[in-house]
Amino acid sequence: MRFWHVFARTIIMLTIEWQGVIKVLYKELKPFPDNFLWGAASAAYQVEGAWNVDGKGPSNWDEFVRIPGKTFKGTTGDVAVDHYHRYEEDVRLMAEMGMKTYRFSVAWSRIFPKGKGEINEKGLQFYDNLINELVKNNIEPILTIYHWDLPQALQELYGGWESRQIVGDFTNYAVELFKRYGDRVKYWVSLNEQNIFTALGYKMALHPPGVKDEKLFYQVNHHANLANASVIKEFRKYVPHGKIGPSFAYSPAYAATAKPEDILAAENAEELNSHWWMDIYAWGKYPEAAWKYLEEKGLAPHMEDGDFELLRQGKPDFMGVNYYRTTTYEKNPLDGVSEGQFNTSGKKGSSEDTGIPGVFKTVKNPNLEATNWDWEIDPTGLRIGLRRITSRYRLPILISENGLGEYDTLEENNTVNDDYRIDYIRTHLVAVQEAITDGVEMIGYCVWSFTDLLSWLNGFQKRYGFVYVNQDEEGGKDLRRIKKKSYHWYKEVIDTNGGNLK
């Protein structure tokens, strides 16, 4: 009996000491690194406009948005917020804010109008001009090679991502960018949210090409993995001193209760919805439990000789993370929930639970508030996610997107009082600082987005920017840029290197 008393007393003492360490960590957080990249982000299709000028070819999105009913009020990116013609003004506003970095994407069909073959010099020159303007204003460019806008010519020629031919064409496109901009661009994002563009394009039919085929989804995703690895492998030859990695849309999984079956459901979700991508990025292999499940269901992708060798050569320099929410899961019976309604209307509460029968189902988390698009607001979830990535992959992390999409109101005297956005970003930045204190290596933080932009399916009603753009679904507006309250707040955050967050 004495042994158990001593054992219990030792455990209690160790627990008190451990809790004391945690308390010290919270008492004084580590500062953000001196070279921390404070920035914001965008995507070519959502901001540039100029969809068919200066030799640009059509993208899959240029075609998809013309299908009736696909987007809110039939909005297109034909004009978007006209960044193509207003980039100097936008960069000037970034410089006034003191931004350290700007993440933007290149439109593939602006460089190769048909996806391959003839190069469009005017397209290359536009990004030369943008990069030079950023560098001139001491803003570090972060170039995203692919942010969902596939050249329509490749979709028609061989099904785009449905064919292994995409690997070679995507690599050739990326190499042209490396050769042209590698002398000025240090940070590169290879693929943006591969898990989203493949799932919404091939499982839910909400994005182009609008297909529902789960087997094809996993094959398309495998081709994207091969393309990502191929591009990273080539990057080492052309930009040897640069850094490259994919940006993954990470929604850490929670269990709805402490019931073992709910915890297992959350583990299943983390494996199928997160590890399935990040394990490939970091290690070049698929997670065992997920592979076994998909193989049994006849959904596992077809592999060819040399695939895993190539995937292993694609190890990134960092993990890009696009974080907006956590997702909570519970047990799903064999005859349970599968596909539910996705909220693209901005009508709060209109989304429905989804799941995989026998594997998991989503459930509303009663402990969290949500946006009008039913995205849970969870700063602590960001810290949890950053710690999970660090523990599993041991890679530096770039937060390539984080922000709040909401209805904004332009008030008298050209003011937008978006205190809700300030609170959202502030609490998430505190979570980042807590993660840094935990030992997470952070490169930077890019708010989505700098200016308001076209939300893929939601038109211009869902606004994210620090800068209000006078644009709506009807078009014909003057596209004036107006600084929101959050613009001035973020400027102070940058000026103090995050010292004003408390």
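Visitor: Which residue follows α16 with a positive phi?
Guide: Happy to start there, with the reminder that this is a predicted model. Helix α16 covers residues 485-495. The residue that follows the helix has a phi near 50°, and that residue is Asn497.

Visitor: Where do the buried residues of α16 lie, seen down the helix axis?
Guide: The buried residues of α16 are Ser486, Tyr487, Trp489, Tyr490, Val493 and Ile494. An α-helix has 3.6 residues a turn, so residues three or four places apart point the same way. Here the buried residues of α16 fall within an arc of 165°, so they line one face of the helix.

Visitor: Which elements do those buried residues of α16 pack against?
Guide: One of the buried residues, Tyr490, gives a good view of the packing. Leaving aside residues up to four places away in sequence, Tyr490 touches Trp38, Gly39, Met97, Leu429, Tyr445, Val447 and Phe466. Taken together, the buried residues of α16 pack against β1, α4, α15, β12, β13 and β14.

Visitor: How many residues does the largest nonpolar core have?
Guide: In soluble globular proteins, nonpolar side chains tend to be buried together. Tyr490 is among the residues with the most contacts inside the largest core here, along with Ile145, Trp161 and Trp188. The size of that core is 145 residues.

Visitor: Are the residues of strand β7 buried or exposed?
Guide: In a regular strand the side chains alternate between the two faces of the sheet. In β7, Met319 and Val321 are on one side, with Gly320 and Asn322 on the other. Both faces are covered, and the four residues are all buried.

Visitor: What is the bridge partner of Val321 in β11?
Guide: Strand β7 pairs in the parallel sense with β5 over three bridges, and Phe248 stands opposite Val321 there. β7 also pairs in the parallel sense with β11, over four bridges. In β11, the partner of Val321 is Ile399.

Visitor: At which residue does UniProt place the feature "active site"?
Guide: Stay with strand β11 for this one, since the residue lies in it. Its relative accessibility is 4%, so it counts as buried. The annotation comes from an unreviewed UniProt entry, which places the feature at Glu401.

Visitor: With which side chain does the side chain of Glu401 make a polar contact of 3.3 Å?
Guide: Glu401 touches several residues beyond four places away in sequence, among them His147, Asn192, Glu193, Tyr323 and Trp448. Val321 and Asn322 of β7 are also touched by Glu401. The polar contact at 3.3 Å is with the side chain of Arg103.

Visitor: Which side chain does a polar contact of 2.9 Å join to Asn225?
Guide: Asn225 lies in helix α10, and at 2% relative accessibility Asn225 counts as buried. Among the residues that Asn225 touches are Ile280, Tyr281, Tyr286 and Leu311. The side chain joined to Asn225 at 2.9 Å is that of Gln194.

Visitor: Which strands stand at the edges of the open sheet of four strands?
Guide: The order in this sheet is β6-β8-β10-β9, with mixed pairing. β6 pairs with β8 in the parallel sense over three bridges, with Thr327 in β8 as the bridge partner of Ala253. Each edge strand has a single partner, so one side of each is left without a neighbour in the sheet; the edge strands are β6 and β9.

Methods
Residues numbered from 1 in each chain as written. Predicted model: local features only at pLDDT ≥ 70, side-chain atom pairs only at ≥ 80, totals over all residues. Heavy atoms only, no water. Buried < 20%, exposed > 50% of the residue type's maximum accessible area, 1.4 Å probe, protein only. Helix = DSSP H or I, 4+ residues; strand = E, 2+ residues; numbered from the N terminus. Pairing = 2+ DSSP bridges. UniProt positions renumbered as here; feature names shortened; annotations may be inferred. Contact = heavy atoms within 4.5 Å. Polar contact = N/O pair within 3.5 Å; in protein donor to acceptor, adjacent residues only side chain to side chain. Core = buried A, V, L, I, M, F, W, Y, C linked by side-chain atoms within 4.5 Å. Arc of directions from axis to C-beta.
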